[in-house]
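User: I'd like to learn how to read backbone oddities in a model. Can we go through one together?

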Amino acid sequence: MNVTSAPSSSTSATGSAPDPASGLPVSARLYLCTDSRRDRGDFGEFVEAAFAGGVDIIQLRDKTIEAAEELELLAVLRAAAERHGRLWAVNDRADIALLSGAPVFHIGQQDLPVASARSLLGTNALIGLSTHTTEQVEGALRLSSALSTPDGGLDYFCVGPVWATPTKPGRAAVGLDLVQYAAQAVRDAGATQATVPWFAIGGIDLDNVEQVVAAGARRIVVVRAITEASDPAAAAAALLAALDAGAA
């Protein structure tokens, strides 16, 4: 799919065929969340570098900006994603996702319910959900498009935070046990990480990514591992190489 087409499209934004059920490109492994980088003033250059380094999806997540500024930044993000043939995401606000034409929309457990988000966005966006407990992982599996209603369910979910992170103050770390649980739960559901995509998230960096892979994850979400890197492209490439090494 390109960044403006529906999840049911036959080509992916990463150049590989999307899973027929979820629409998330099978090759999407590295998901980046970034703020507006207002303090550095380099948002456009940063997202270009991250995509160039191999990031598959970039989500703009910044609670400090107003809607108008977010839409302006999303236009920059969208242009970069289209140049690199990648995906981009909106966090929490379905109205912003709808107005910007975002191909990916992510919500937390206390945000808009998945069914409500789907009713607003239709099939024009992939929808992801954060999970922090075994019960929430099971709930995400029940909502999965591959296991319930194609075109109407959840397209991916995230598991974490694996380690404590300042980007989620007050959120207790779940550790590697929940990553292992998610991997087994997907297998027990008769699915795979291709048909039910899920990502580990929370404090993941180059020093610990192989532990996450050993626990069963094949996709990761990162923040500081790339946003705080002096060379975002090199940091992204190194994380992808570590994912490969851990899965070997």
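User: Let's begin with burial: what percentage of the 248 residues is buried?

Analyst: Buried residues account for 52% of the 248 in this protein. Keep in mind that the model is predicted. The accessible surface comes to about 10,200 Å², and carbon and sulfur atoms hold 52% of that area.

User: How many helices and strands does the protein have?

Analyst: There are nine helices and eight strands. As for contacts between residues at least 6 apart in sequence, 61% of them link residues at least 24 apart.

User: Now the backbone. How should I read the sign of phi and the state of a peptide bond?

Analyst: Most residues other than glycine have a negative phi, and most peptide bonds are trans. With that in mind, look at Arg37: this residue is not a glycine, yet its phi is positive, at about 55°. Arg37 sits in the loop that runs between strand E1 (30-34) and helix H1 (43-53).

User: Is Arg37 buried or exposed?

Analyst: Buried, because its relative accessibility is 4% and the cut-off for buried is under 20%.

User: Which other non-glycine residue has a positive phi, near 75°?

Analyst: That's Asp92. You'll find Asp92 in the loop between strand E3 (87-91) and helix H3 (94-100). Asp92 has 18% relative accessibility, so this residue counts as buried too.

User: And which peptide bond is cis?

Analyst: The one from Gly160 to Pro161, where omega is near 0°. Pro161 belongs to the loop between strand E6 (156-159) and helix H6 (175-188).

Definitions and conventions. Residues are numbered from 1 along each chain as its sequence is written. This is a predicted model: local features need pLDDT of at least 70, side-chain atom pairs count only at pLDDT 80 or more; totals for chains, interfaces and linings use all residues. Side-chain values use heavy atoms; hydrogens and water are left out. Helices (H or I, at least four residues) and strands (E, at least two) are DSSP runs, numbered from the N terminus. Buried means under 20% relative accessible area, exposed over 50%, partly exposed in between (1.4 Å probe, protein chains only). Contact means heavy atoms within 4.5 Å. Accessible areas come from the Shrake-Rupley method with a 1.4 Å probe; for residues, only the protein chains shown count as cover.
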